[in-house]
Number of protein chains: 2
Amino acid sequence: VTFHSPATGLGVRAVLFDVFGTVVDWRSGIAAAVDSFADAHDLRLDPHAVADSWRGQYQPAMQRVRSGARPFVTLDVLHRENLDDALRAHGIDPAGFPAEELDLLSRAWHFLPPWPDSAAGIAAIRRGYIVGPLSNGNTSLLLDMAKAAGLDWDLILGSDLSRAYKPDPAAYRWPAAVLGLEPGEVMLAAAHDADLAAAREAGLATAFIARPFEHGPDAGGPSAPEGDWDLAGTSIMEIADQLT
Amino acid sequence: VTFHSPATGLGVRAVLFDVFGTVVDWRSGIAAAVDSFADAHDLRLDPHAVADSWRGQYQPAMQRVRSGARPFVTLDVLHRENLDDALRAHGIDPAGFPAEELDLLSRAWHFLPPWPDSAAGIAAIRRGYIVGPLSNGNTSLLLDMAKAAGLDWDLILGSDLSRAYKPDPAAYRWPAAVLGLEPGEVMLAAAHDADLAAAREAGLATAFIARPFEHGPDAGGPSAPEGDWDLAGTSIMEIADQLT
């Protein structure tokens, strides 16, 4: 009575994915939403620069939660706060806009476009493994994204449920415990070496997926991993091929 | 940026399903597993009677948690304890078997067969709504079942996450909160009037699905609801048709 047949020697039963940058192209999606907002309000700004500023607040905002300086709040709350900071960084006073419009703009993080191989790659891995996100996003964000982008996860356990933000070890170990698996039976697939390093430290198996255009066509992101991760590829489909 | 278009006047955005009896035929699945166990150990027993005894311990066992008489434990733990009681009720001493074999038998609750319309009905509703279980099962049980039975949920939030067993109101309200929805935007679909009554009391919308054979071909289960639920049908597909 079991449904999968892992063909690697890793003993992996679940492949969980980092989402922002690994499964979806947050920069293009956020820039498009900022561009629409700018058009509607006759603002002159570089939407990709605003996207980068907005994302730039991501780690510092989570760090205030991880450090205990503030109680846990969801990534939706942090994204909304960080939007105000990003606008100010570009000389725009957020107080000049209706709150509903800023709330709507902030919800663009729920509807980011997938990389071209993401939906098919996840579907392929799903035939032999449990698949889900392992993201700092909250469950409702990840659910909206999955419905819109056609990502057929087996289940979605957001950071609002673990109440831990990566790279806190609890963020990696909690999903394994919920699934009734040992940490080593769970693989993190991610485009970021630091995420994979923390996952390995927590006992998980690791797969690197190169996303050289995460920070834009000219940013020259890494196309090869720094670490010797268990698997590495340039698309989710390549990882699927290695797993089966 | 939204993905669904509820066509009813109910304002429902998520349809969550009771599982045991509503989505899967627990009695046939458990009887088959008991029958295999009996064959392997040369036991004479009526597998359906053992299944009924096993299920008979379900509500009393959860009631000890709901009442606070014991701390929360998962349904996996309760099912395993209840198996010992069910065997004893049929004159069989569970101490006479290796623990692994009883553990394996107890895992039959993870791999119950769906009713014939379940997978297609859930898939149809999923095109317009968020779909998931709202079950007393734990997440790993519901995940194993979904993979084996081909139930394509959007997400799985088991009772181990809410730490509440239906009909505790928290069991109905917690999933709505995680989804960022009002209770009235969530519909419970269930074959049991008492479950639907508690869901309505907690503010949810309700759909009755008749499963007259839940307790066997001769048990004469209800084919019509007792309550005036928002929707009622004889299959999940009928509910899908009413929702779209």
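**Entry 1. A proline in a loop**

In which loop of chain A does A:P167 lie? I looked this up first in the predicted model. I found A:P167 in the loop between α8 and α9 of chain A. I then examined the peptide bond that leads into this proline from A:K166, and I recorded it as cis, with omega near 5°. I turned next to chain B, where a cis peptide bond joins B:K166 and B:P167, with omega at about 5°. I noted that B:P167 sits in the loop between α8 and α9 of chain B.

**Entry 2. A backbone angle**

I checked phi at A:D42. The angle is positive, about 55°, although A:D42 is not a glycine. I placed A:D42 in the loop between α1 (26–40) and α2 (47–56) of chain A.

**Entry 3. How the two chains are related**

I asked what turn lays chain A on chain B. The superposition needs a turn of 180° and a shift of 0.0 Å along the axis, and it gives an RMSD of 0.0 Å. I therefore wrote down that the two copies are related as by a two-fold rotation axis. I then searched chain A for the residue that comes closest to this axis, and I found A:L155, with its C-alpha at 2.2 Å.

**Entry 4. The contact between the chains**

How many residues does each chain bring to the contact? I recorded 23 residues from chain A and 23 residues from chain B. I also compared the two sets: 100% of the contact residues of chain A recur in chain B, and the same surface serves both copies. For the area buried between chain A and chain B I noted about 2,100 Å². Carbon and sulfur atoms give 67% of that area.

**Entry 5. Salt bridges**

I looked up the salt bridges across the interface of chain A and chain B, and the rule finds 4. I noted one between B:D154 and A:K147, whose closest N and O atoms are 2.6 Å apart. Over all chains the structure holds 26 salt bridges.

I then followed a salt bridge within chain A, in which the side chains of A:R200 and A:D228 meet at 3.1 Å, N to O. Which parts of chain A does this pair tie together? A:R200 lies in helix α10 (residues 193–201), and A:D228 lies in the loop between β4 (205–209) and β5 (231–233), so the pair ties together parts that are 28 residues apart in sequence.

**Entry 6. The largest cavity**

I turned to the empty space inside the model. Rolling a probe the size of a water molecule over the atoms shows where such space is left. I counted 5 cavities of 30 Å³ or more in the structure. The largest has a volume of about 120 Å³. I noted that 17 residues line this largest cavity, and that the closest to its centre are B:L16, B:P133, B:L134, B:L157 and B:P175.

Which elements of chain B each supply at least two residues of this lining? I listed β2 (130–133), α8 (159–162) and α9 (169–178). Among the elements, α9(B) gives the most to the lining of the largest cavity, with 3 residues. I sorted the lining by residue class and obtained 10 nonpolar, 6 polar and 1 charged.

**Entry 7. The second largest cavity**

I then looked up the second largest cavity, which holds about 60 Å³ of space. It is lined by 13 residues, and the closest to its centre are A:L134, A:S135, A:L157, A:S162 and A:A171. I found that α8 (159–162) and α9 (169–179) of chain A are the elements that give two or more residues to this lining. The most comes from α9(A), with 3 residues. I closed the entry with the classes of the residues in the lining of the second largest cavity, which divide into 7 nonpolar, 5 polar and 1 charged.

Methods
Residues numbered from 1 in each chain as written. Chains lettered and ligands numbered in written order. Predicted model: local features only at pLDDT ≥ 70, side-chain atom pairs only at ≥ 80, totals over all residues. Heavy atoms only, no water. 1 Å grid on protein atoms, 1.4 Å probe; cavity = no way out; pocket = protein on both sides within 12 Å on 5 of 7 lines; lining within 4 Å. Points joined across faces, edges and corners; volume = space filled by probe spheres on them. Helix = DSSP H or I, 4+ residues; strand = E, 2+ residues; numbered from the N terminus. Nonpolar A, V, L, I, M, F, W, Y, C, P; charged D, E, K, R; others polar. Least-squares fit on C-alpha atoms with pLDDT ≥ 70 in both. Contact = heavy atoms within 4.5 Å. Buried area = accessible area lost by both parts, 1.4 Å probe.
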